[in-house]
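My notebook is open and I have a protein to poke around in. Here is what I looked up, entry by entry.

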Amino acid sequence: MQKIREALIYKLNHTFINEEIQTILDQVEALLADYEVTERQTLPEVVDSAYYLKKFFEAKTLEGMKKTSFKVYSCELRDFVNCIGKALTVVKTQDIRDYLMMLKFSRNVTDRSLDHRRLVINNFYTWMQENGYVQTNPCKPIKRIKYIAKNREPLTSSELARVRFACRNDMRE
């Protein structure tokens, strides 16, 4: 309590006179009498993002993630980590939004690709939350990014015939 008292005196000294400071200190002490106040211990971030990514990919490998998905997730999450410049456990929703906006305007990434990035980040933070590394998923408030899906036109009969003719020598083709 002595540290709090000294900190309050220092902060209030420029604004109040001694009698007012004493009254404020008495009121604060009376208010805090029923509470146990301890100093917050802030520990440095011991575990870096490489640890979380490694554990995430180990879990996804056990769950049967395909190699192609693994490569895409790995590339996109490493890009996210490099661009965000923060420990993964302290990333906020606005940090993710800023990252997605940077992708959209600096790298001209399409809305479809942005939504995929959002999905990958959300998947990662859902895993982080489920495994107790973060309390909340900072990506959860970010809604799906809308995009216009392109309708694929089926091949015409002549195009299909050309494909068959091109593949007639090798059954695997």
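**Entry 1: a pair of tyrosines**

Is Tyr 51 buried, partly exposed or exposed? I looked it up in this predicted model, and Tyr 51 turns out to be partly exposed, with a relative accessible area of 32%. Tyr 52 has a relative accessible area of 7%, so I wrote it down as buried. I then checked how the two rings sit. The ring centres of Tyr 51 and Tyr 52 are 5.6 Å apart and the planes are at 70 degrees, so I noted an edge-to-face pair.

**Entry 2: more rings**

I picked another pair, Trp 127 and Tyr 133. Their ring centres lie 5.4 Å apart with the planes at 40 degrees, so this pair is tilted. Trp 127 counts as buried at 7% relative accessibility, while Tyr 133 counts as partly exposed at 29%.

How many aromatic pairs does a search of the whole structure find? I got 13. Ring pairs also link a set of residues into a cluster, and both of my pairs belong to it: Tyr 51, Tyr 52, Trp 127 and Tyr 133 are among its members. Phe 56 and Phe 57 are in that cluster too, including them in my list for the next entry.

**Entry 3: helix α3**

I moved on to α3, which runs over residues 49–62. It has 14 residues and reaches 20 Å from first C-alpha to last, close to the 20 Å expected at 1.5 Å a residue.

Which residues of α3 are buried? I found Ser 49, Tyr 52, Leu 53, Phe 56, Phe 57, Ala 59 and Lys 60. They cover an arc of only 160 degrees around the axis, so they are on the same side of α3. My textbook reminder: an α-helix has 3.6 residues a turn, so residues three or four places apart point the same way.

Next I asked what covers these buried residues. The cover includes α4 (67–84) and α6 (111–130). Just after α3, I also spotted Gly 64 with a positive phi of about 95 degrees.

**Entry 4: hunting for disulfides**

A disulfide is a covalent bond between the sulfur atoms of two cysteines. My count came to zero disulfides. Why is Cys 75 not bonded to Cys 83? The closest cysteine sulfur to that of Cys 75 is in Cys 83, 11 Å away, and that is too far for a bond, because a disulfide needs the sulfurs within 2.5 Å. I also looked up accessibility: Cys 75 counts as exposed at 52%, whereas Cys 83 is partly exposed at 33%.

Definitions and conventions
Residues numbered from 1 in each chain as written. Predicted model: local features only at pLDDT ≥ 70, side-chain atom pairs only at ≥ 80, totals over all residues. Heavy atoms only, no water. Buried < 20%, exposed > 50% of the residue type's maximum accessible area, 1.4 Å probe, protein only. Helix = DSSP H or I, 4+ residues; strand = E, 2+ residues; numbered from the N terminus. Expected span 1.5 Å × (residues − 1). Arc of directions from axis to C-beta. Contact = heavy atoms within 4.5 Å. Phe/Tyr/Trp six-rings, centres within 6.5 Å; stacked < 30°, edge-to-face > 60°.
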